[in-house]
Amino acid sequence: MWLRRLSTDRIERRSSAPGDAPLIVVEPVKGALRIAALNDAAAALGLTPGLPLADARARYTSLQVAQAELEADRALLVAVADWCDRYTPLVGLDAPDGLLLDITGCAHLFGGERAMAHDVMLRLARQGLQARIGIAGTVGCASAVARFSKGGIVPPGEETATLAPLPPLALRIDPEITRLLAQTGLRRIADLATRPRAPLAARYGQDLLRRLDRAFGIEDESITPRLPVPPYVAERRFPDPIGREDDVLGTVAQLAQELCVLMERRGEGARHIQTALFRADGKVYRIDAGAGQPLRDPERIRRLFLERFAVVGDACDPGFGYDMIRLSALVADRMDPVQSGLGAPDPQAALTHLIDRLGARFGRQRIARLVTQDKHIPEAAVAMVPAAHQASPSTPWEDEQDSLAPIRPTRMLATPERIDGVLNEVPDGAPVRFTWRDAFYHVAIAEGPERIAPEWWRGESNVHPRDYFRIETGDGFRAWIFRQDRLCKFKQIQDDGTEKDVVELKAHWFLHGLMA
Amino acid sequence: MTAGKPATLDRLRQEVARIEGVPTTMETGDRLRPLGVAAIDAVLQGGLMPAALHEIAPARMTDLGATCGFAVALAARPAPARGEKRREVLWIQTDFAALESGRPYGPGCDLFGLPTRRLLLLTVPRPVDLLWAMEEALRSRALATVIGELPQDGTAADLTATRRLTLAAREGDSLGLLLRHQSSPLTSSAETRWQVAAAPSRPDRFGGLGCTAFALSLTKNRRGPTGRWLVAWDHHECAFSALSLGVAAAAVDRPDRTPLVRAG
């Protein structure tokens, strides 16, 4: 499928001006602005791509000129590719302005190849895009027909005859080689096909022959799909677009049932599900949801998307409504049927589902399990692992110190906070009083120090060890505080009045956790 | 005259409970969660109601650590009902609460009696999200305990919100603990409301830190009088024990003619 006037269509779609004014898109090539694309009106004036802008201006003063925007063209092409998902899951990009659709086995769903091509062209035309479609047994032939002839359907077996009169450029080969071929008089594909192969390969490279073989169907060529092809798909089309969220969710629920039946046949469950909403004017929204365990329960799939819609629903503007909704399982895993306890709900399954739903609503990183790590640094001793992942069970913490109180706080501050006004009786001992968050604390009981050294084997040798103390104040407040020596730089005024930079180790105190 | 009165009261209470659809003590009797301190359990008529919402708040700002410890302790208490398969505890915090006063720390909770493998943490952006998540979690029948932690006095959890949480807890048969960073004057539909303060521990014989001590104050109790107690938490046994408070006798000993103090 060739979008003939992608750039100019893009600009004309945006403006309300009628499309019959000549419009050209220019881009700088080798220091000169040259025409990169043009619309039908401009083509009718005899302008061609590659003509310098100055020449075109000299001929026609009233030309509308726009700068080329490759990014925008590409975005539009991707959007159209997204939209083409409605015809087949196998959509490949043929940059800069073409799309390759593998419609094997799909065409009959749209009333045959001719009806399908008509449908595509009609719908694209309604969106202001001109397309020319070639349908053929090979990628090369279809592309050549779309770009270099009037488009249409090539019956099986007639590829050679169809391609024969077309220029070699239609084979999607390097323009430089085409130029060389033209110099030797090889101006049609038929000229190439009848030549001995060896001299051609020697002179113009292996690529030319491969392209030729692929176009004729001697060698296989497959389309690289833009999106992964989901193993399970269920979809529904609507004669009239729907827009209400309830209707959308209701459809998702129905599709979920179909999807689950499909998955049940193969004994699989979905790990990653996607709802694609095809808006009537061509925009496609994709909403993803993940599951911690393979999922094959329509009700649960519906609930997952209920949460997702609650979060992203506002971003999906239904506009004039959706005319197609597709539910696909992107990742599926083996899922063996389990004997359900008669009537008694399984808390483990309920928990998995709850985690999935909370993850769908708030993000899967936000619901976490704590997994103990073999690390000395207290803040690294525990890792937050998303609960949806299967984590190795956490080993219980050993209470190795002989104390009636737990040796670790139940609550850890996000970062250790400085405490001031520390007064200690013994130089390296526990503080007697300190200030934290503008409140005084008088220490009654203290245990410590517990020295936690940085992991020198990880190259943290320039960090000083921490001396932790567990303290309790007179009224029972308990905290986990530490002292760490840090290098301090300050200016000292000497006897003779000059300033001198002094660097020395100073003890800094931090409050790290609240104990109970 | 007084002989028949408690019986009548009991009957009327059960009648009211039946109308309200609240499970009575008799129905939930074997699943109540006793704290293990006789004086408190007597006031609670056997223990904390399992399928209900309970509120906890620190008495002062500095008691937040103790309050969190109390919440961990309540979640760590073994469920009395045999065959209870639900063990997980979900702790929900708002981002602000986590930033301001930290997160539950795995090893610490482990040592305090709540194994890390039973603990799930969720942070949510806003207080309304917390209420939503807590309601869903309570209703899911997947968790033993759901702890929701709101920064400051948690104005988002008003009467309507707590009523919703109470209904969710009843429907999902889970214990809900609402933890506010400051005690709130708002009315609430929670079953009980606790103010927790840290209390000086009894130093061990070497002068080190003793068992964690809490000064508990039950300021609201839908099913009985309120009271104040001093308890210690033994994290090895997962058990509370009473410490003497040194004040007048507990409120339960008052004659039944005295009107009961009902808070909230």
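Reader: What makes both faces of S1(B) count as covered?

Author: Leu53(B), Glu55(B) and Ala57(B) on one side are buried, as are His54(B), Ile56(B) and Pro58(B) on the other. Buried means under 20% relative accessible area (1.4 Å probe, protein chains only). Six of the six residues of this strand, 53-58, are buried, so the rest of the structure largely encloses it. The model is predicted: local features need pLDDT of at least 70, side-chain atom pairs need 80 or more, and totals for chains, interfaces and linings use all residues. Residues count from 1 along each chain as written, chains are lettered from A and ligands numbered from 1 in written order, and side-chain values use heavy atoms, without hydrogens and water.

Reader: Why are S1(B) and S6(B) called paired?

Author: Pairing takes at least two DSSP bridges between two strands. S1(B) and S6(B), residues 175-180, have four, in the parallel sense. Strands themselves are DSSP runs of E, at least two residues, numbered from the N terminus.

Reader: Which strand do five bridges join to S1(B)?

Author: S7(B), residues 192-199, also parallel. Ile56(B) has the bridge partner Trp194(B) in S7(B) and Leu179(B) in S6(B).

Reader: How many salt bridges lie between domain 1 and domain 2 of chain A?

Author: Zero. A salt bridge needs a side-chain nitrogen of Lys or Arg within 4 Å of a carboxyl oxygen of Asp or Glu. The two domains, 2-71 and 77-216, have bounds from an automatic or database assignment. About 1200 Å² is buried between them, 53% of it on carbon and sulfur atoms. That area is the accessible area (1.4 Å probe) lost when two parts are put together, summed over both.

Technical notes: Buried < 20%, exposed > 50% of the residue type's maximum accessible area, 1.4 Å probe, protein only.
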